[in-house]
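Visitor: Please take a close look at a single part of this model, and describe how it sits among its surroundings.

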Amino acid sequence: MTQLKVPVGPADHIEGDESARCTLVEYGDYECPHCAAAYPIVKRLQKHFGKKLRFVYRNFPLSQMHPHAESAAETAEFAASKGKFQEMHDLLFENQEQLGSGLYAKLAEDLGLDAKELQEALRAKMYQAHVRSDFTGGVRSGVNGTPTFFINGERYDDSFDYPTLMGAITAAIGESA
């Protein structure tokens with residue numbers, strides 16, 4: 001089994017309790033249709049498992065195939081700097097077909113963030129280092145596509161459909177289904 005090389009830490013975007021019995025790490029790309037399909041599944045799993053599941057999202061923009069992936073990831077990082085990562089993460093996936101500077105400005109405004117400040121941050125590539133750090137950590141962990149999941153530090157290579165992923169998390173938690 002391939003191991004997660006970069007442990008979950010303070011630079012990560014974490015939803016859930018540190019003492020959760022299972023940590024699900026996703027390396028994702030905001031423009032990837034498979035990641036968009038995984039997004040509601042992860043939300044459903046979070047609801048199902050509650051405090052037993054901690055979710056971590058890391059950027060893995062496949063920029064050669066997805067021209068907006070990097071800017072979307074930087075937009076999410078900008079929102080994170082203002083305490084709005086999860087909200088922006090959700091909105092980016094929910095509006096995946098419209099990714100681009102116009103959408104980013106609208107979403108920033110919807111979240112009460114300064115759209116001009118976001119545009120300047122994107123122009124200056126202020127959050128590129130964080131995105132690239134996530135990407136590099138993914139490569140070191142054997143990520144070569146999106147979405148790639150790790151369950152309690154072990155790469156998960158099975159289907160990410162709800163029943164299969166739920167079964168793997170249930171097993172990691174140590175419960176019967």
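Guide: A crossing of two helices is called left-handed if the near helix is turned anticlockwise from the far one by less than a right angle. In this predicted model, α1 passes α3 in such a left-handed crossing. The axes of α1, which spans residues 33-49, and α3, which spans residues 85-94, come within 9 Å and cross at roughly 130°, and that angle makes α1 oblique to α3. On the side of α1 the contact is made by C35, A36, Y39 and K43, while α3 contributes Q86, H89, D90, F93 and E94; by character, these residues divide into 4 nonpolar, 2 polar and 3 charged.

Turning to the wider setting of α3, 7 of the 10 residues of this helix are buried, so α3 is largely enclosed by the rest of the structure. The buried residues are F85, Q86, M88, H89, D90, L92 and F93, and they pack against the strands β1 (13-15) and β3 (53-59) as well as the helices α1, α2 (69-81) and α4.

The loop between α3 and α4, the latter covering residues 101-110, holds Q96. With a relative accessible area of 12%, Q96 counts as buried, because that value is under 20%. A polar atom of the Q96 side chain lies 2.8 Å from the backbone oxygen of Y30, and, leaving aside neighbours within four places in sequence, Q96 is in contact with Y30, E31, C32, P33 and A36. A36 also belongs to the residues of α1 that make the contact with α3.

How values were computed
Residues numbered from 1 in each chain as written. Predicted model: local features only at pLDDT ≥ 70, side-chain atom pairs only at ≥ 80, totals over all residues. Heavy atoms only, no water. Axes fitted to C-alpha atoms, helices over the stretch in contact; angles between N-to-C directions. Helix = DSSP H or I, 4+ residues; strand = E, 2+ residues; numbered from the N terminus. Parallel < 35°, antiparallel > 145°, perpendicular 65-115°, else oblique. Contact = heavy atoms within 4.5 Å. Nonpolar A, V, L, I, M, F, W, Y, C, P; charged D, E, K, R; others polar. Buried < 20%, exposed > 50% of the residue type's maximum accessible area, 1.4 Å probe, protein only. Polar contact = N/O pair within 3.5 Å; in protein donor to acceptor, adjacent residues only side chain to side chain.
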